[in-house]
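Me: I would like to learn how to read the surface and the buried side of a structure. Could you take me through it step by step?

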Amino acid sequence: MLYETMRKTPRNFLFDLGDDEPFREATPEEVAESWSAHMGIITVGGHEYYVDHYYGEDLEDPDGEDWYDEQRREIAREEGMLGGIDAYNDYMGCSLDR
């Protein structure tokens with residue numbers, strides 16, 4: 001259900017800076033302005049907004065690899081940088097210790 005909802009959700013939404021909630025879909029002009037604005041913050045009708053360019057994007061990348069596996073590998077890389085190759089292997093579940 002979540003996957004179906006996210007596929008139908010448009011991208012480039014205006015988010016209110018005050019409550020960090022989606023306000024409405026951004027116009028092409030607002031999207032262009034947000035790219036050039038300082039920190040991406042634009043003023044529309046006296047309120048400050050930012051454009052989330054990835055709102056509603058599918059959780060899977062084009063190769064079919066989901067974000068969970070990518071995040072797991074990233075954490076394993078960090079573990080490896082901090083604790084060495086054994087820490088990486090332990091996190092990935094492929095420890096060479098028997």
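Me: Which residues make the nonpolar surface patch here?

Reply: In this predicted model, a nonpolar surface patch of about 280 Å² is formed by Leu17, Met39 and Ile41. One of these, Met39, sits in the loop between α2 (28-36) and β3 (41-44).

Me: Does Met39 count as buried or exposed?

Reply: The general idea is that a residue counts as exposed when its relative accessible area is over 50%, and as buried when that value is under 20%. Met39 has 69% relative accessibility, and therefore counts as exposed.

Me: Which residues of α2 are buried, and where do they fall when seen down the helix axis?

Reply: The buried residues of α2 are Glu30, Val31 and Ser34. Looking down the axis of α2, one finds these buried residues within an arc of 100°, so they line one face of the helix. The face turned away from this buried side carries the exposed residues Pro28, Glu29, Trp35 and Ser36.

Me: What covers the buried residues of α2?

Reply: Their cover includes the strands β1 (13-16), β2 (22-25), β3 and β4 (47-52).

Me: Why does Ser34 count as buried, and which residues does Ser34 touch?

Reply: Ser34, which lies in helix α2, counts as buried because its relative accessibility is 5%. Leaving aside residues up to four places away in sequence, Ser34 touches Gly40, Ile42, Val51 and His53. In addition, a polar atom of the Ser34 side chain lies 2.8 Å from the backbone oxygen of Val31.

Definitions and conventions. Residues are numbered from 1 along each chain as its sequence is written. This is a predicted model: local features need pLDDT of at least 70, side-chain atom pairs count only at pLDDT 80 or more; totals for chains, interfaces and linings use all residues. Side-chain values use heavy atoms; hydrogens and water are left out. Patches are made of residues with over 30% relative accessible area and no salt bridge: like charges are joined within 9 Å, nonpolar side chains (Val, Leu, Ile, Met, Phe, Trp, Tyr) within 5 Å. Accessible areas come from the Shrake-Rupley method with a 1.4 Å probe; for residues, only the protein chains shown count as cover. A salt bridge is a side-chain nitrogen of Lys or Arg within 4 Å of a carboxyl oxygen of Asp or Glu. Helices (H or I, at least four residues) and strands (E, at least two) are DSSP runs, numbered from the N terminus. Buried means under 20% relative accessible area, exposed over 50%, partly exposed in between (1.4 Å probe, protein chains only). The arc is that of the directions from the helix axis to the C-beta atoms. Contact means heavy atoms within 4.5 Å. A polar contact is a pair of N or O atoms within 3.5 Å; within protein, one must be able to donate a hydrogen and the other to accept it, and residues adjacent in sequence count only if both atoms are side-chain atoms.
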